[in-house]
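User: I am new to this structure and would like to know how its labels are justified. Please take me through the reasoning step by step.

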Amino acid sequence: MSSSAFIPFVEALESLDSATYRTTMSQKGVRLDVACCNWQSEYPYTPTVTAYMAYSKSAIAILFEVTENHTCAVEMADNGRVWEDSCVEFFVKNPTGEGYYNFELNAIGTLLAARRTSRESATHFSAAQLAEIVRYTAFDHAPIDICDQNSWWAVELIPFSLIGLSAPPTKLDVNLYKCGD
């Protein structure tokens, strides 16, 4: 499914704290429902996921809000297997060349980020690059396993420089996902 959205500019996103970030994004960001369920016949359960996006002079920001029946996040190491946890994903087509970038954030703030030319071929971000990405989540950075319905949120602020840009682009091709193997 393809659609387009106007992503609003929000001044000084880089200077917000976690509480202000969530409020600002939900009030000023564009709301996007992540409502497509891939493999519906194999996996009929669909959590409720809403994303809010905005950008500043130097970065793109995404707030994910998730309600699901079971939240589990145990991966503590960046660039680890976060897709096996309750996880949200932001994919962006490389605006300056081939391939794409993916940013996968689990419910406790562990991040996988890479530049990819295919699903199998990836150059993962270094620790220094990962440190440039602001991330906040509803939970502390410690393993969790909540076996009943609950809600959580996660925020990412990704500098444009990490996707090869020196300024905000006029257009980005992106995908948003929620997963949890």
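User: Why does aspartate 173 count as partly exposed, rather than buried or exposed?

Analyst: This is a predicted model, and the values are computed from it. Aspartate 173 has a relative accessibility of 37%. Buried requires under 20% and exposed requires over 50%, so 37% makes aspartate 173 partly exposed.

User: What makes lysine 171 count as exposed?

Analyst: The relative accessibility of lysine 171 is 60%. The cut-off for exposed is over 50%, so the label applies.

User: How do you know that aspartate 173 and lysine 171 meet in a salt bridge?

Analyst: Their side chains come to 3.8 Å, N to O. The limit is 4 Å, so the pair qualifies. The whole structure holds 5 salt bridges.

User: Why is the pair of arginine 22 and glutamate 65 called a salt bridge?

Analyst: The closest N and O atoms of arginine 22 and glutamate 65 are 3.4 Å apart, and that is within 4 Å, so the pair is counted. This salt bridge links distant parts of the chain: arginine 22 is in helix α1 (residues 18-28) and glutamate 65 is in strand β3, 43 residues apart. Arginine 22 has a relative accessible area of 32% and glutamate 65 has 22%. Both values lie between 20% and 50%, so each residue is partly exposed.

User: What makes aspartate 78 and arginine 135 a salt bridge that links distant parts of the chain?

Analyst: The distance between the side chains of aspartate 78 and arginine 135 is 2.8 Å, N to O, so the 4 Å condition is met. Aspartate 78 is in the loop between β4 (71-73) and β5, while arginine 135 is in strand β9 (residues 134-137), 57 residues apart. With relative accessibilities of 33% for aspartate 78 and 22% for arginine 135, the two residues count as partly exposed.

User: Why is there no disulfide at cysteine 72?

Analyst: The closest cysteine sulfur to that of cysteine 72 belongs to cysteine 147, 7.7 Å away. A disulfide needs sulfur atoms within 2.5 Å, so the distance is too far for a bond. The structure's count is 0 disulfides.

User: Are cysteine 72 and cysteine 87 buried or partly exposed?

Analyst: Cysteine 72 has a relative accessible area of 24% and is partly exposed. Cysteine 87, at 0%, is buried.

User: How do you know that asparagine 106 is buried, and what is it in contact with?

Analyst: Asparagine 106 has a relative accessible area of 0%, under the 20% cut-off, so it is buried. Asparagine 106 lies in strand β6. Beyond its neighbours within four places in sequence, its contacts include Ala73, Asp85, Cys87 and Thr137.

User: Which residues touch the most other members of the largest nonpolar core?

Analyst: This core has 33 residues, and those touching the most other members are Ile62, Phe90, Phe103, Phe125, Ile133 and Leu176. The largest share, 4 residues, comes from β3. A second, separate core has 13 residues, among them Ala61 and Val155.

User: What makes β8 (122-124) and β12 (174-179) edge strands?

Analyst: Each of them pairs on one side only. They belong to an open sheet of 5 strands in the order β8-β7-β6-β5-β12, with antiparallel pairing. The twist averages 20 degrees from one strand to the next. β7 and β8 pair over 3 bridges, and alanine 114 has histidine 124 in β8 as its bridge partner.

Definitions and conventions
Residues numbered from 1 in each chain as written. Predicted model: local features only at pLDDT ≥ 70, side-chain atom pairs only at ≥ 80, totals over all residues. Heavy atoms only, no water. Buried < 20%, exposed > 50% of the residue type's maximum accessible area, 1.4 Å probe, protein only. Core = buried A, V, L, I, M, F, W, Y, C linked by side-chain atoms within 4.5 Å. Helix = DSSP H or I, 4+ residues; strand = E, 2+ residues; numbered from the N terminus. Pairing = 2+ DSSP bridges. Axes fitted to C-alpha atoms, helices over the stretch in contact; angles between N-to-C directions. Contact = heavy atoms within 4.5 Å.
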